[in-house]
Amino acid sequence: MKHGLYQALGMALLVIGAQGAIRQLVDHDNAGLLGWLPGGFAASITVYVLAVVIGAIIAGRAHDARKATGN
């Protein structure tokens, strides 16, 4: 059960980060959830890309752990 929750959390982070990064690339003025973040385009796109990478790592490791335990 624990690995399933981590996998869902990782996938949610991946999807939110990817959607935000695509939105930011299409419309530079629309920062989405990170509109409050100082630093403009460079800071917000960096945070979105980090969210994608961290989400993919969490989801991938949780998936591997879940397969290893047989759940």
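In this predicted model, the side chain of Ser44 reaches the backbone oxygen of Phe41, at a distance of 3.2 Å. Ser44 belongs to helix 2, which covers residues 40–69. The relative accessible area of Ser44 is 2%. Ser44 is therefore buried, because buried residues fall under 20%. Beyond its neighbours within four places in sequence, Ser44 has three named partners in contact: Gln24, Leu34 and Leu37.

Thr46 also sits in helix 2. Its side chain, too, has a backbone oxygen as partner: a polar atom of the Thr46 side chain lies 2.6 Å from the backbone oxygen of Ala42. The setting of Thr46 is described by a relative accessible area of 44%. This value lies between the cut-offs of 20% and 50%, so Thr46 counts as partly exposed. Thr46 can also be placed against a residue from elsewhere in the sequence. Ala21 is 25 residues away along the chain. In space, the C-alpha atoms of Thr46 and Ala21 are separated by 8.6 Å.

Leu50 is another residue of helix 2. Its relative accessibility is 47%. Leu50 is thus partly exposed, because 47% is neither under 20% nor over 50%. On the surface, Leu50 joins Leu13 and Ile54 in a nonpolar patch. Together, these three residues offer about 240 Å² of accessible area.

The next results concern the whole chain. Two helices are present, and the number of strands is zero. The radius of gyration is 14 Å, whereas the globule rule gives 11 Å for 71 residues. The chain value is well over the rule, so the chain is more spread out than a compact globule. Along the principal axes, the C-alpha atoms fill a box of roughly 45 × 20 × 15 Å.

Contacts and surface complete the description. Among contacts with a separation of 6 or more, 62% join residues 24 or more positions apart. Of the 71 residues in the chain, 23% are buried. Ser44 is one of the buried residues. The chain exposes about 4,800 Å². Carbon and sulfur atoms supply 70% of that exposed area.

Key
Residues are numbered from 1 along each chain as its sequence is written. This is a predicted model: local features need pLDDT of at least 70, side-chain atom pairs count only at pLDDT 80 or more; totals for chains, interfaces and linings use all residues. Side-chain values use heavy atoms; hydrogens and water are left out. Helices (H or I, at least four residues) and strands (E, at least two) are DSSP runs, numbered from the N terminus. Buried means under 20% relative accessible area, exposed over 50%, partly exposed in between (1.4 Å probe, protein chains only). A polar contact is a pair of N or O atoms within 3.5 Å; within protein, one must be able to donate a hydrogen and the other to accept it, and residues adjacent in sequence count only if both atoms are side-chain atoms. Contact means heavy atoms within 4.5 Å. The radius of gyration is taken over C-alpha atoms; the globule rule is 2.2 Å times the number of residues to the power 0.38. Accessible areas come from the Shrake-Rupley method with a 1.4 Å probe; for residues, only the protein chains shown count as cover. Patches are made of residues with over 30% relative accessible area and no salt bridge: like charges are joined within 9 Å, nonpolar side chains (Val, Leu, Ile, Met, Phe, Trp, Tyr) within 5 Å. A salt bridge is a side-chain nitrogen of Lys or Arg within 4 Å of a carboxyl oxygen of Asp or Glu.
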